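Hello,

Here is the structure I promised to pass on to you. Please open it alongside this note, and then read on for what turned up in it.

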Amino acid sequence: MKIDKFDIVMIGGGVIGCAIAYYLLHSDNRLKVALIEMDPTYVRASSTLSEGNIRVQFNLRENIQMSIYGLQMLKEFSDQMAVSETIPDVNFRQQGNLFIVDAASRAEAKQGYMLQRTLGCEVEWLSPKQVQNHYPFYNLQDCVGGTFGRQDGTMSPEAILTGYRRKAVSLGAQFVHGRVEKLLVHNNRIAGVSLYGGREITTDIVVNSAGAWAAQISRTAGINLPISPTKRQVTVIETNLHPENLLPPIFFPSGLYCIHEGNGTFTCARSLPDDPVSYDDFRWDRKRFENLLWGELVEVIPEFNDLKITGGWAGLYAVNTFDDNAILGEWPQLHGFFLANGFSGHGFQQCHAVGRYISELILARQISLDLSIFSPKRILEDKPVFENETKII
Ligand SMILES: Cc1cc2nc3c(=O)[nH]c(=O)nc-3n(C[C@H](O)[C@H](O)[C@H](O)COP(=O)(O)OP(=O)(O)OC[C@H]3O[C@@H](n4cnc5c(N)ncnc54)[C@H](O)[C@@H]3O)c2cc1C
């Protein structure tokens, strides 16, 4: 049997695993870091199936601060991730996100808005008339206002993933194509991982960056993480709307959203309570859009009565069923086992801050942004940290 030894092993080479590997090696390029990925084509990874949106519009201080850092990092991303002549182009379209506020969501939206402003974010509170100036096609029914985050926007998730991955490898990370079968534990300490096929890797530090598969891998060491792989579907529509400029992504209080991709094309999605939980269901269902979302969409944007469904895709949300927020840090009952999991719908934008934070924890460096509010300890102590009551995740 082949046995290798590494200082730090990442299980999962999506944006989270690759960002952590980059920050580790950026701090200390003598480290021996392995990124173990079961599918180097990333067909099912949430990172490549993501919409690629970032927003400062959260209610929790730390979630806002993670996005502030993400935005700062994006300004330097191409330079920082350049490897020889290869310079990533993340195609960041900073068209701002527009959140619609109704009577029920007003108090929470106001609280989030005030906090975002206090933290220096460029967010405006809009009257219904101003909402319509930003989005002329929106039917103002039930709208009492809106918030517009000027710095928010969408980008290419593949470019971010490839940027971190290529840079991490150029700094010395070893990319291992294989599937981790189980965690190896000795006296409450992590001892390594074993892969399907028999290969073993010994290490003192393992990071669970396995996305929607995080609970599966933790279970092999008797750890039950409250993370469920929940199907999330996006539908692409072609409409008769051809606005001159790119419209901002628009988010409705129900959780429904539309992202204008240019010309008449939009992507639309909404999580529903009975979304399937499964590791293998990646089938996009056209009927779900027709029967469950289209009616609601026409109510808010009447022009969408005439549209052509041109396709769609399905991916997995790693839904944290405990409190919908990230779980970051060492598992208190297993030394050397670090979690970067449970991001629900916002892990893509948080990869920068999470990569830096987890690397600082592992290397015992000074912490740049304290994210201990998301420590796994809160699960054992039954102290959830909710974003807000209506929980847009
Ligand atoms: C449709 C959709 C839209 C989204 N839109 C946004 C958005 O706009 N903004 C945002 O911030 N977030 C968004 N998200 C969420 C975001 O994509 C995720 O939170 C983020 O990509 C998580 O990254 P990750 O690296 O943890 O997971 P992944 O990208 O899934 O990476 C995990 C990797 O681990 C590998 N793996 C798993 N188990 C093993 C094992 N045993 N051995 C080896 N490898 C293993 C998998 O193959 C996978 O490549 C969206 C998600 C979906 C599904």
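Let me start with the surroundings of the ligand in this predicted model. The residues of the shell around the ligand comprise 18 nonpolar, 16 polar and five charged ones. In total, 39 residues surround the ligand, and the closest are Gly12, Gly14, Gly211, Gly315 and Gly347. Several elements each supply at least two residues of this shell: helix 1 (15–27), strand 3 (33–37), helix 2 (46–49), strand 14 (227–239), strand 18 (307–320) and helix 9 (347–362).

Where does the ligand lie with respect to domain 1 and domain 2? Both domain 1 (3–83 + 157–226 + 322–380) and domain 2 (97–151 + 228–320) give residues to the shell, so the ligand lies between them.

Next, the two domains themselves. The protein is divided into these two parts, domain 1 and domain 2, and their centres, taken over C-alpha atoms, are separated by 28 Å. Across the boundary, 30 residues of domain 1 are in contact with 27 residues of domain 2. On the side of domain 1 that touches domain 2, helix 2 and helix 3 each supply at least two residues. The largest share of that side comes from helix 3, with five residues. By class, the side of domain 1 that touches domain 2 has 13 nonpolar, eleven polar and six charged residues.

Helix 3 (residues 61–81) also packs with helix 9, at an angle of about 85 degrees and with the axes 8 Å apart. The two helices are therefore roughly perpendicular to each other. If you would like to find the contact on screen, look for Met66, Ser67, Tyr69, Gly70 and Met73 of helix 3, together with Gln349, Gln350, His352 and Ala353 of helix 9. The contact of helix 3 with helix 9 has four nonpolar, five polar and no charged residues.

Now for the sheets. One open sheet has six strands in the order 9-3-2-13-20-19, with mixed pairing. Strand 9 (174–177) and strand 19 (327–330) stand at its edges, each with a single partner strand, so one side of each is left without a neighbour in the sheet. From one strand to the next, the twist averages 20 degrees. Strand 3, which you met in the ligand shell, runs parallel to strand 9, and four bridges join the two. Within strand 9, Phe175 stands opposite Leu35.

Another open sheet has eight strands, ordered 6-7-5-15-16-17-14-18, and again the pairing is mixed. Its edge strands are strand 6 (123–126) and strand 18, each pairing on one side only. Helix 4 (residues 106–118) packs on this sheet and touches strand 5 (97–101), strand 6 and strand 7 (145–149); its direction makes about 150 degrees with that of strand 6.

Which strands does strand 14 join through bridges? Strand 14 and strand 18 run antiparallel and are joined by 13 bridges, with Pro229 opposite Ala318 of strand 18. Four bridges join strand 14 to strand 17 (residues 265–269), also antiparallel, and there Val236 has Thr267 as its bridge partner. Helix 8 (residues 286–300) lies across strand 14, strand 17 and strand 18, running at about 95 degrees to strand 18. Elsewhere in the sheet, strand 15 (residues 250–251) and strand 16 (residues 257–262) run antiparallel, joined by two bridges; Phe251 has Tyr257 of strand 16 as its bridge partner.

Finally, two hairpins deserve a look. Strand 10 (residues 180–186) pairs with strand 11 (residues 189–195) in the antiparallel sense over six bridges, and Leu183 has Val193 as its bridge partner in strand 11. This hairpin has two residues between the strands, and Asn187 takes a positive phi near 50 degrees. Strand 11 also pairs with strand 12 (residues 200–202), in the antiparallel sense and over three bridges; here the bridge partner of Ser194 is Glu200. In this hairpin, four residues stand between the strands, and Gly197 takes a positive phi near 105 degrees.

Enjoy looking around, and write back with any questions.

Best wishes

Technical notes
Residues numbered from 1 in each chain as written. Predicted model: local features only at pLDDT ≥ 70, side-chain atom pairs only at ≥ 80, totals over all residues. Near = placed C-beta within 6 Å. Nonpolar A, V, L, I, M, F, W, Y, C, P; charged D, E, K, R; others polar. Domains from an automatic or database assignment. Pairing = 2+ DSSP bridges. Contact = placed C-beta atoms within 7 Å. Axes fitted to C-alpha atoms, helices over the stretch in contact; angles between N-to-C directions. Parallel < 35°, antiparallel > 145°, perpendicular 65-115°, else oblique.
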